[in-house]
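Student: I have a structure open and would like to understand the words used for it. Could we go through them together?

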Amino acid sequence: MHSEKHGMTRASATVVALAMALAPVGTAYGQTTPGGGGTHSGTHEENSYPRSRPSLSDYETTAITRNVDAVRNECADLDPRYRIDCLRKGLIEVAQRIPESGDYAPARAIIAEAAAKLGEVQRKHADPAAEEKKSSGNARIAANRTYKAVKREELAEAMAEATKIIEEAETKLLRAGENSEKRAAHYQQIATAIGSTKVLLRS
C-alpha cells in the first residue's frame with residue numbers, strides 16, 4: 001500500500017513538472033522579459049499577450065509601433081547628448097517585446113541589431129565626465145534606466161552616425177516585408193515608426 005501511494009505521488013509530481021515546463025515563461029507586456037532587468041506594467045489590454053504569438057495581426061503591429069512612439073516621446077525630452085543612449089535602450093525594450101518566431105521575427109532581429117549599433121556609436125563618442133540621466137519612463141515601457149551622454153564636441157558626428165543606423169533599419173524592415181503583400185503592410189508601419197525616431201537625432 002505504501003509503495004502504491006509512493007508511486008501515485010511520483011506520478012502526480014511528474015504531471016506538475018511537465019505542466020510547469022510547458023507553461024509560458026513570460027508575456028509581451030506586464031512580465032519580466034529576457035535582459036529587461038525588471039517587471040513592466042501597462043494600463044492597456046494589449047499589454048498582456050504572449051511574445052510567442054507568431055502571426056501577423058493589426059493588434060500586434062499596433063502594439064509595436066506604439067512602443068516605438070513611446071520611446072521616441074520619452075527621448076525627445078532629454079538633452080540631445082543623451083538621446084542616442086535613450087533610443088538604444090528603448091529599442092532594446094521594443095525588440096524584447098516582439099514575438100521571437102514567425103512573421104515578426106525579422107523585425108525583432110532588425111530592431112535589436114539597430115540598438116546594438118547605436119551602442120557602438122554611444123561608446124565611441126561617450127563623455128565619461130558627464131553625469132548620467134535617470135529615465136522618467138513612459139506610458140508603455142516602465143523601467144528604471146539611466147542614460148549616458150556623448151561628448152558635446154562630437155555630438156553632430158555621433159548624431160549623423162546614429163541617423164544612418166536608423167535609416168538602414170528602416171530600409172531593412174521595408175525589404176523584409178517585400179515577399180508578401182500582407183506582410184508588407186505591417187512592416188511598412190513598423191518601418192515608419194522606426195524612421196520617425198530620426199527626429200531625435202538632430203543636433
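Tutor: Gladly! Let's start with residue classes: Ala and Ile are among those that count as nonpolar, while Glu and Lys are among the charged ones. Keep in mind that this is a predicted model.

Student: What makes four residues in the lining of the largest cavity nonpolar and four charged?

Tutor: The lining consists of Ile110, Glu113, Ala114, Lys117, Ile165, Glu168, Ala169 and Lys172. Ile and Ala count as nonpolar and Glu and Lys as charged, so each residue falls into one of those two classes. The lining therefore has four nonpolar, four charged and no polar residues.

Student: Why is this space called a cavity?

Tutor: Because a 1.4 Å probe fits there but cannot get out. By this rule there is one cavity of 30 Å³ or more, and the largest cavity holds about 40 Å³ of space.

Student: Which helices each supply at least two residues of that lining?

Tutor: Helix H4 (105-124) and helix H5 (155-176) do. The protein chain has six helices and two strands, arranged from the N terminus as α-α-α-α-β-β-α-α.

Student: What makes a residue count as buried?

Tutor: A relative accessible area under 20%. In the protein chain, 44% of the 203 residues are buried. The chain exposes about 10,800 Å², of which carbon and sulfur atoms supply 52%.

Student: And what share of the contacts with a separation of 6 or more comes from residues 24 or more positions apart?

Tutor: Such residues account for 72% of those contacts in the protein chain. A contact here means heavy atoms within 4.5 Å.

Methods:
Residues numbered from 1 in each chain as written. Predicted model: local features only at pLDDT ≥ 70, side-chain atom pairs only at ≥ 80, totals over all residues. Heavy atoms only, no water. Helix = DSSP H or I, 4+ residues; strand = E, 2+ residues; numbered from the N terminus. Buried < 20%, exposed > 50% of the residue type's maximum accessible area, 1.4 Å probe, protein only. Areas by Shrake-Rupley, 256 points an atom, 1.4 Å probe, with all protein chains shown as cover. 1 Å grid on protein atoms, 1.4 Å probe; cavity = no way out; pocket = protein on both sides within 12 Å on 5 of 7 lines; lining within 4 Å. Points joined across faces, edges and corners; volume = space filled by probe spheres on them.
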